[in-house]
Amino acid sequence: LSSPSGLTHESHKKDVEQVYLRCSEGSIEWMYPTGALIVNLRPNTSPASYKRLTVCIKPFKDSAGANIYLEKTGELKLLVRDGDRRPSKVYCFGYDQGGLFIEATPQQDISRKITGFQYELMNKGIASDLHTVSAPCRPCSDTEVLLAVCTSDFVIRGSIQDVTNEAEEQESIIHVGVNKLYRQKSKVFQLTGESGNWRGQIKTLLECGVKPGDGDFLFTGRMHFGEARLGCAPRFKDFQRMYKEAKDKGLNPCEIGPD
């Protein structure tokens, strides 16, 4: 978390302050923005790998007081306009497309404004998985499911207990009861209550029309800004079939107990 403050140089409202970030994920909170802020992302990886990185930012819900630009060699491209209130909107760009230039907008009272966002750096292949614009609700092929089992941040067998639709954010929250936990990168799925059942939440697009239903599914997906995002989710019996067929042919990309 980086938290610069405009009050430190309010008398010099044209000042440009530089911030250097070396973590692959985190957040920026610019309190009382004045002047401009240049955000330099310098991950602890070799410069040769920079071209394979994608940067994604997610503004805080109440972020205000500045415009956020993508800057390269002095040219500015507007990413987030001050006052844009689109909840959960994520903006992504290639690391080699430029850096972030945040410019404060004129305010009568800067003490009421805080500009902030979360950021993540990720491999371009992972980023494209998270933001599939062509067919985000398309069922996965057998090959895609088997690969998702090997590469996803979480893999669980479970059932849909309930679905909460959030129209404003254009998202659905799937409340999942977990029968078997194969893998999880973060502790999204946890034991709850005296019954000792594992439960958790997975988010997906509202347009996909997920509804509660009977039977078990194999849920896979990735962590994105601290939330579990749905990837491939075949019915578990279909996963058992495709896994057995691939294993019999020696084509399964990794081992996982299907039962």
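A disulfide, as counted here, is a pair of cysteine sulfur atoms within 2.5 Å. By that yardstick cysteine 137 and cysteine 208 are joined, with an S to S distance of 2.0 Å. The model is a predicted one, and it holds four disulfides. Chemically speaking, a disulfide is a covalent bond between the sulfur atoms of two cysteines. With the bonded cysteines of the protein numbered in sequence order, the pairing reads 1-2, 3-6, 4-7, 5-8. Three of these bridges are worth a walk-through, starting with the one just mentioned.

The torsion about the S-S bond of cysteine 137 and cysteine 208 comes out at about -85°, so this disulfide is left-handed. Cysteine 137 sits in the loop between α1 (124–130) and α2, while cysteine 208 sits in the loop between β13 (197–205) and β14, so the bond ties together parts that are 71 residues apart in sequence. As for solvent, cysteine 137 is partly exposed, at a relative accessible area of 36%. Cysteine 208 is partly exposed too, at 25%.

The loop between α1 and α2 also supplies cysteine 140, whose partner, cysteine 232, lies in the loop between β15 (227–230) and α3; the two are 92 residues apart, and the bond links distant parts of the chain. Their sulfur atoms are 2.0 Å apart. Here the S-S torsion is about -90°, so this disulfide is left-handed as well. What about burial? Buried means under 20% relative accessible area, so cysteine 232, at 9%, falls on the buried side. Cysteine 140, at 29% relative accessibility, counts as partly exposed.

Next up is the bond between cysteine 56 and cysteine 92, again with sulfur atoms 2.0 Å apart. Its torsion is about 105°, so this disulfide is right-handed. Both ends are in strands: cysteine 56 lies in β4 (residues 53–59) and cysteine 92 in β7 (residues 91–94), so the pair ties together parts that are 36 residues apart in sequence. Cysteine 56 has 0% relative accessibility and counts as buried, whereas cysteine 92 is partly exposed at 32%.

Back to helix α2, which follows the loop that holds cysteine 137. Which residues of α2 (residues 142–151) are buried? They are Val145, Leu146, Ala148 and Val149. These residues cover an arc of only 155° around the axis, which puts them on the same side of α2. The general rule behind such patterns is that an α-helix has 3.6 residues a turn, so residues three or four places apart point the same way. The buried residues of α2 pack against three strands and a helix, namely β10 (154–166), β11 (171–184), β14 (217–224) and α3 (236–248).

Elsewhere in the model, five strands make up an open sheet with mixed pairing, in the order β1-β3-β8-β5-β6. At its edges are β1 (16–21) and β6 (75–80), each of which pairs on one side only. Direction ignored, neighbouring strands of this sheet are turned by 30° against each other on average. In general, strands of a sheet pair through backbone hydrogen bonds, either parallel or antiparallel. How do β1 and β3 (residues 36–41) pair, and over how many bridges? The two run in the parallel sense, over six bridges. One of the residues involved is tyrosine 20, whose bridge partner in β3 is asparagine 40.

Terms used
Residues numbered from 1 in each chain as written. Predicted model: local features only at pLDDT ≥ 70, side-chain atom pairs only at ≥ 80, totals over all residues. Heavy atoms only, no water. Pairing = 2+ DSSP bridges. Helix = DSSP H or I, 4+ residues; strand = E, 2+ residues; numbered from the N terminus. Axes fitted to C-alpha atoms, helices over the stretch in contact; angles between N-to-C directions. Buried < 20%, exposed > 50% of the residue type's maximum accessible area, 1.4 Å probe, protein only. Arc of directions from axis to C-beta. Contact = heavy atoms within 4.5 Å.
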